[in-house]
Amino acid sequence: MVTVSRATRLSISNEVDLVRARQEVRVQAQALGFSLVDQTRITTAVSELIRNMMKYAGGGTMEIEGVRNGVRIGLRIICHDKGPGIPDIGLAMKEGYSTSNGLGYGLPGTKRLVDEFDIWSEVGKGTRVTISKWR
């Protein structure tokens, strides 16, 4: 995988940052020629990840970059926080599971919206979610 656009890094700590992140993702998706449907999928996925970062870790960072893999063009987004971490990723990825009385569709729903989804977490150190969507 080769980077085709300079990575943009945003600090996330509040709703204003969430709006800014969503706008940046949409602008980069448009620039790479993603359809309106895919722009919406990517933006929705990012919204979910950032809301999780704010809710469970108080914030974090988001990096977005255009990437190429052979003839495919895509967006790679990395959301990283230094929060409490997720003790059981398998359980967190299960539909309907929530530690906050939510619906429990956040992480599994995000995974369904993108082409690649990777999550790393360590209790006491934080969580990093990397997603990619290909055109």
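In the predicted model, Met53 is buried, with a relative accessible area of 3%. The residue belongs to helix H2, which spans residues 36-57. Beyond the neighbours up to four places away in sequence, Met53 touches Ile12, the glycines Gly58, Gly59 and Gly60, and also Thr61, Cys79, His80 and Asp81. Of these contacts, Gly60 and Thr61 fall within the range of strand S3 (residues 60-69), while Cys79, His80 and Asp81 fall within that of strand S4 (72-81). Thr127 lies 74 residues from Met53 along the chain, and the C-alpha atoms of the two residues are separated by 8.6 Å.

Helix H2 also contributes to the largest pocket, which holds about 700 Å³ of space. The pocket is lined by 32 residues, and the closest to its centre are Asn52, Tyr56, Ile86, Thr99 and Leu107. Eight residues of the lining come from H2, which gives the most. At least two lining residues each are supplied by H2, strand S4, helix H3 (89-92), helix H4 (106-113) and strand S6 (126-134). By residue class, the lining comprises 17 nonpolar, ten polar and five charged residues.

Two of the helices that line the pocket, H3 and H4, were examined further. In H4, the buried residues are Gly106, Leu107, Pro108, Gly109 and Thr110. These buried residues pack against H2, H3, strand S5 (116-122) and S6. Leu107 therefore appears both among the buried residues of H4, each under 20% relative accessible area, and among the residues closest to the pocket centre. In H3, the residue considered is Ile89. Ile89 has a relative accessible area of 25% and is partly exposed, because the limit for a buried residue is under 20%. Its contacts, with residues up to four places away in sequence not counted, are Ile119, Trp120 and Ser121. The C-alpha atoms of Ile89 and Trp120 are 8.2 Å apart in space, and the two residues are 31 apart in sequence.

Lys133 is located in strand S6. With a relative accessibility of 9%, this lysine counts as buried, because the value is under 20%. Leaving aside neighbours within four places in sequence, the contacts of Lys133 include Phe34, Asp38, Arg41 and Ile42. Further contacts are made with Ile73, Gly74 and Leu75, and with Leu113, Val114 and Asp115. The list thus holds the charged residues Asp38, Arg41 and Asp115 together with nonpolar residues such as Phe34 and Ile42.

Arg68, in strand S3, is partly exposed, with a relative accessible area of 36%. Apart from residues up to four places away in sequence, Arg68 touches Met1, Val2, Val4, Ile73 and Trp134. Ile73 is also listed among the contacts of Lys133. Between Arg68 and Gly33, which are 35 residues apart in sequence, the C-alpha to C-alpha separation is 13 Å.

Trp134 takes part in a further arrangement, in which the charged end of Arg72 sits over the ring of Trp134, 4.4 Å from the ring centre. As for pairs between aromatic rings, the structure holds zero.

Notes
Residues numbered from 1 in each chain as written. Predicted model: local features only at pLDDT ≥ 70, side-chain atom pairs only at ≥ 80, totals over all residues. Heavy atoms only, no water. 1 Å grid on protein atoms, 1.4 Å probe; cavity = no way out; pocket = protein on both sides within 12 Å on 5 of 7 lines; lining within 4 Å. Points joined across faces, edges and corners; volume = space filled by probe spheres on them. Helix = DSSP H or I, 4+ residues; strand = E, 2+ residues; numbered from the N terminus. Buried < 20%, exposed > 50% of the residue type's maximum accessible area, 1.4 Å probe, protein only. Contact = heavy atoms within 4.5 Å. Phe/Tyr/Trp six-rings, centres within 6.5 Å; stacked < 30°, edge-to-face > 60°. Lys NZ or Arg CZ within 6 Å of the ring centre and 35° of its normal.
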